[in-house]
Amino acid sequence: MTVKHIFVIGAGTMGNGIAQVAATSGYQVTCMDVQPAALEKARATVAKSTTKLLEKGMINMEQKASVDAIQFVPTMDTMKDADLVIEAATENPEVKLRLFRDMDVNAREGVILASNTSSISITKIAAATKRPDRVIGMHFMNPVPLMKLVEVIRGSGTSDETAKTVVDICKVMSKEPVEANDSPGFISNRILCPMINEAIFTLQEGVGAPEAIDQVMKLGMNHPMGPLELADLIGLDVVLFILEVLQRGLGEDKYRPAYLLRKMVDAGYLGRKTGKGFYQY
Ligand SMILES: NC(=O)c1ccc[n+]([C@@H]2O[C@H](COP(=O)([O-])OP(=O)(O)OC[C@H]3O[C@@H](n4cnc5c(N)ncnc54)[C@H](O)[C@@H]3O)[C@@H](O)[C@H]2O)c1
């Protein structure tokens, strides 16, 4: 199937980035969210981001016009016109399973339904639909316009044709697709989140201050960001959720979330999005 029109679900951090990149790559884009405020914020975010990219000569007028043409909508009514649906809604299994049941009803037969989930099983999401062969993980990285990687995750029923189509679309979006099989945390978060957790244990046990921990990993290990800074960027609630998925899914105590992480999430210190995490914003 030729993909011309992409329907993005969720207009938050990831959804608006995916909508922007899809539009600058020449796709017609519709972006849907249940929260009117999220739609307004997304519209402003992509306008600001693409104005900057245009000034820097990183996109042209035609690409800017394509972004300005993104339709921001509150329902799935126009999903029937889309050739690909990418879901980037809240990381909550109940929300995603309900969404995929609805997407299966609203999207045309044969249309691929992709999820940007960080940790929820693609096989399980696919089982909520009658087209498990057309369901796949398309895990973009934050911030979407800048990060090259898309982790492409096959559920147990994902067809080769679906994987190939999605890999080709990632390339059209100037991304580097890397394929992974469905397993808790996939490749990216299976490795990243235990490292962040260990940094939090290191802080909790008084081995070093947040700045010291981050400096060691930046200056000594060549990481562009320290693990605690990165946790604040991702959101501490998201990191905790992923660690719980790893611990439950893989059944190993080594994924046990640090007590300090749990305490900070309970206190509402979620990182950048709340103005306080391991650092103040
Ligand atoms: N934030 C990251 O660094 C990051 C990185 C990679 C992947 N992800 C994944 O991307 C997805 C989105 O994360 P985010 O950080 O953009 O979250 P976010 O909270 O910024 O945005 C989620 C949006 O989904 C909307 N939403 C909730 N239920 C909906 C529904 N039924 N229909 C339509 N919209 C709905 C919310 O209103 C919200 O605007 C999650 O699955 C997350 O795990 C996040």
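Colleague: Where does Pro 143 lie?
Modeller: This is a predicted model. A cis peptide bond joins Asn 142 and Pro 143, with omega about 0°. As for its place in the chain, Pro 143 is in the loop between β6 and β7.

Colleague: How many bridges join strand β6 to strand β7?
Modeller: Strand β6 covers residues 135–140 and strand β7 covers residues 149–154. His 139 stands opposite Glu 151 in β7. The two strands run antiparallel, and the number of bridges joining them is 5.

Colleague: Which residue stands opposite Leu 113 in β6?
Modeller: Strand β5 (residues 112–115) runs parallel to β6, and 3 bridges join them. In β6, the residue opposite Leu 113 is Val 135.

Colleague: How many residues of β6 are buried?
Modeller: On one side of β6, Val 135, Gly 137 and His 139 are buried. On the other side, Ile 136, Met 138 and Phe 140 are buried, and both faces are thus covered. The count of buried residues in β6 is 6 of 6.

Colleague: Which are the edge strands of the open sheet?
Modeller: The sheet has 8 strands in the order β3-β2-β1-β4-β5-β6-β7-β8, with mixed pairing. Its twist averages 25° from one strand to the next. Each edge strand pairs on one side only, and these strands are β3 (71–73) and β8 (176–181).

Colleague: Is Lys 80 buried or exposed?
Modeller: Lys 80 lies in the loop between β3 and β4 (84–87). Leaving aside neighbours within four places in sequence, Lys 80 is in contact with Asn 106 and Arg 108. Because Lys 80 has 11 C-beta neighbours inside 10 Å, and 12 or fewer is the cut-off, Lys 80 counts as exposed.

Colleague: What separates the C-alpha atoms of Lys 80 and Val 111?
Modeller: Along the chain, Lys 80 and Val 111 are 31 residues apart. In space, their C-alpha atoms are separated by 9.4 Å.

Colleague: Which helix gives the largest share of the largest nonpolar core?
Modeller: The largest nonpolar core has 53 residues, of which Val 8, Ile 18, Ala 22 and Val 85 touch the most other members. The largest share of this core is 6 residues, and the helix they come from is α1 (residues 13–24).

Colleague: Which residues is Ala 22 in contact with, leaving aside its neighbours within four places in sequence?
Modeller: Ala 22 is one of the four residues that touch the most other members of the largest nonpolar core. With the sequence neighbours left aside, the contacts of Ala 22 are Ile 6, Val 8, Tyr 27, Val 29 and Met 173.

Colleague: At what angle do the axes of helix α7 and helix α9 cross?
Modeller: Two packed helices are described by the angle and the distance between their axes. The axes of α7 (residues 188–204) and α9 (residues 227–234) come within 9 Å. The crossing is left-handed. The angle is roughly 115°.

Colleague: How many residues of the contact of α7 with α9 are nonpolar?
Modeller: From α7 the contact uses Met 195, Ile 196, Ala 199 and Leu 203, and from α9 it uses Pro 227, Leu 228, Leu 230 and Ala 231. No polar and no charged residues take part, and the nonpolar count is 8.

Colleague: What is the phi of Asn 222?
Modeller: Most residues other than glycine have a negative phi. Asn 222 lies in the loop between α8 (210–221) and α9. Asn 222 is exposed, because 7 other C-beta atoms are within 10 Å. Although Asn 222 is not a glycine, its phi is positive, at about 65°.

Key
Residues numbered from 1 in each chain as written. Predicted model: local features only at pLDDT ≥ 70, side-chain atom pairs only at ≥ 80, totals over all residues. Core = buried A, V, L, I, M, F, W, Y, C linked by C-beta atoms within 7 Å. Buried ≥ 20, exposed ≤ 12 C-beta atoms within 10 Å, placed from the backbone. Helix = DSSP H or I, 4+ residues; strand = E, 2+ residues; numbered from the N terminus. Contact = placed C-beta atoms within 7 Å. Axes fitted to C-alpha atoms, helices over the stretch in contact; angles between N-to-C directions. Left-handed = near helix turned anticlockwise from the far one by under 90°. Nonpolar A, V, L, I, M, F, W, Y, C, P; charged D, E, K, R; others polar. Pairing = 2+ DSSP bridges.
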